[in-house]
Amino acid sequence: MSRDLKEEEFKEKSLKLLADPCKLKDSRYNPKNNDRFKNELEYKFNCKVSDNVYNYIVQEIELIIIVDDIVNDIISKII
């Protein structure tokens, strides 16, 4: 009985997909390991960036942003 139920469910889903083929367009492949920032770096400098170098760049940028935020906060409090 369970097998018949699964087959019926499969047929129902198949018919819904046939009725609306645009549902296939809505599902997009989005890999989780795809880092847009790393891709942009590689594109801009036209070379592969290793994971170690990339992590170093990200840490440095994070540090610069934090320092900039703190300095701007101090400047705004003085003014």
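## A buried glutamate

Glutamate 42 counts as buried, at 14% relative accessibility. Its side chain forms a salt bridge with lysine 48, at 3.9 Å from N to O. That distance falls inside the 4 Å cut-off for a salt bridge. Lysine 48 is exposed, with a relative accessible area of 73%. The bridge therefore joins a buried glutamate 42 to an exposed lysine 48.

This is a predicted model. The values here are computed from it.

## Fold and surface

The chain has four helices and zero strands. Along the sequence the pattern reads α-α-α-α.

Of the 79 residues, 6% count as buried. Glutamate 42 is one of the buried residues. Lysine 38 is buried too, with a relative accessible area of 16%. The chain exposes about 8100 Å². Carbon and sulfur atoms supply 58% of that area.

## Linking helix 3 and helix 4

The count of salt bridges comes to three. One of them pairs aspartate 51 with lysine 38, at 2.7 Å from N to O. Aspartate 51 lies in helix 4, which spans residues 51-78. Lysine 38 lies in helix 3, residues 36-45. The pair therefore ties together parts that are 13 residues apart in sequence.

Is the lysine of this pair buried or exposed? Lysine 38 has a relative accessible area of 16%, which is under the 20% cut-off, so lysine 38 counts as buried.

## A bridge inside helix 4

Lysine 77 and aspartate 73 also meet through their side chains in a salt bridge. The distance is 3.7 Å, N to O. Both residues sit in helix 4, four residues apart. About one helical turn therefore separates them.

Lysine 77 counts as exposed, at 66% relative accessibility. Aspartate 73 is partly exposed, with a relative accessible area of 39%.

## Confidence

How high is the average pLDDT of the chain? The average is 81. At least 70 is the score of 72% of the residues.

Among the elements of the chain, helix 4 has the highest mean pLDDT, 95. Helix 4 holds both lysine 77 and aspartate 73, and aspartate 51 as well. Helix 2, residues 23-26, has the lowest mean, 58. Where pLDDT is low, predicted coordinates should not be read in detail.

Conventions
Residues numbered from 1 in each chain as written. Predicted model: local features only at pLDDT ≥ 70, side-chain atom pairs only at ≥ 80, totals over all residues. Heavy atoms only, no water. Helix = DSSP H or I, 4+ residues; strand = E, 2+ residues; numbered from the N terminus. Buried < 20%, exposed > 50% of the residue type's maximum accessible area, 1.4 Å probe, protein only. Areas by Shrake-Rupley, 256 points an atom, 1.4 Å probe, with all protein chains shown as cover. pLDDT = per-residue confidence, 0-100.
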